[in-house]
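Work through the following exercises with the sequence and the coordinates at hand. Each task is followed by a solution in steps.

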Amino acid sequence: MKKVVMLALLISGSSIQAQPNLEDFYQEVFEKDTLPPLAREKNQFEQYQKDYSGTLIEYTVQKQLKPQNLIGISNEQIDDHWKLYQGYVNQVNTLNEELAKMRYIGKGNSINYADRRRRYGFEYNGMVLHELYFANLKPKQALAPKSELFKEIEKQFGSFNSWHNDFVNAGKTRGVGWGILCRDDTTGTLINIFVDDHQINQIAGFTPLLVMDVWEHAYMVDHKSGGRGEYITAFMKNINWPLIEQRFNQARIGTIPKRY
Ligand SMILES: [Fe+2]
């Protein structure tokens, strides 16, 4: 790494006077923050695996959640999207292992550790929201007007159609993210929110009931970049309402709905 810094200095033509400061900076910030040399790291990692790695939860791809034969959303689109979900599962597992390993070798207060910790919300929600999303896609399902969820939506939004329009508009919010119907389990309030990326604007303690991915990758196989509206129209025809109702009913009695 020192050679890299030296080479960078030579290429950039930086003054010789600047070099000691950069070296100091390198020593302070990077060298102390990197993992130990490979051989030592390998030994520590092997020891870590013996001592702790068995305690790590390994998340797995939930194949049973993969939807097929939807209305207006092709199987090719789902197949392509599914690969991204698999990537999030892998990233979560890698992240958990790296963090545990760094804690084990005393790097829990390092910059590298802090950076990885920041990724938690992105990677975890990338996995969690996709599982909720794929599970709530099923064609030809209906929400019974006599159901508690239907009545609650009508009560809080004035009509089912008003809720529908608000949810669609949430999904059309500029930016990549998610339109989500949530329930505030403290007050019972239902609200349609937009989450940027996977983790920004999530509301703590709210239960996601209906989750709609509006990242462009969710529709780019079937549509071009301007096709979000057509995709959302198709999405609304494939809502697994019995599952949404189940999530709602579990939330009402204080049970956190499981993703699978
Ligand atoms: Fe997605």
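**Exercise 1: Helix packing**

Task: Determine at what angle helix α7 (residues 148-157) and helix α8 (residues 160-171) pack, and which residues meet.

Solution. The axes of α7 and α8 lie 7 Å apart, at an angle of about 80 degrees. Axes here are lines fitted to C-alpha atoms over the stretch in contact, with angles from 0 to 180 degrees between N-to-C directions. Helix α7 is therefore roughly perpendicular to α8, a label for angles of 65 to 115 degrees. Next, Phe150, Ile153, Glu154 and Phe157 of α7 meet Phe160, Ser162, Trp163 and Asp166 of α8; contact requires C-beta atoms, placed from the backbone, within 7 Å. By class, five nonpolar, one polar and two charged residues form this contact. Helices (H or I, at least four residues) and strands (E, at least two) are DSSP runs, numbered from the N terminus.

The model is predicted, so local features need pLDDT of at least 70 and side-chain atom pairs pLDDT 80 or more, whereas totals for chains, interfaces and linings use all residues. Residues are numbered from 1 along each chain as its sequence is written.

**Exercise 2: Strand pairing**

Task: Establish which strands pair with β1 (residues 177-184), and in which direction they run.

Solution. Strand β2 (residues 189-196) runs antiparallel to β1 and is joined to β1 by eight bridges; pairing demands at least two DSSP bridges. Aspartate 184 has threonine 189 of β2 as its bridge partner. Four residues separate the strands in this hairpin, where glycine 188 takes a positive phi near 85 degrees. Strand β3 (residues 206-213) is likewise antiparallel to β1, through seven bridges. Cysteine 182 stands opposite proline 208, and arginine 183 opposite threonine 207.

**Exercise 3: Burial and core**

Task: Find how many residues of β1 and β3 are buried, then describe the largest nonpolar core.

Solution. A residue is buried if 20 or more other C-beta atoms lie within 10 Å of its own. Seven of the eight residues of β1 are buried. For β3 the count is six of eight, so this strand is largely enclosed by the rest of the structure. The largest nonpolar core has 37 residues, and Tyr133, Trp178 and Val211 are among those with the most contacts inside it. Such a core joins buried Ala, Val, Leu, Ile, Met, Phe, Trp, Tyr and Cys residues through C-beta atoms within 7 Å. Helix α6 (residues 120-135) gives the most to this core, six residues.

Key
Buried ≥ 20, exposed ≤ 12 C-beta atoms within 10 Å, placed from the backbone. Parallel < 35°, antiparallel > 145°, perpendicular 65-115°, else oblique. Contact = placed C-beta atoms within 7 Å. Nonpolar A, V, L, I, M, F, W, Y, C, P; charged D, E, K, R; others polar.
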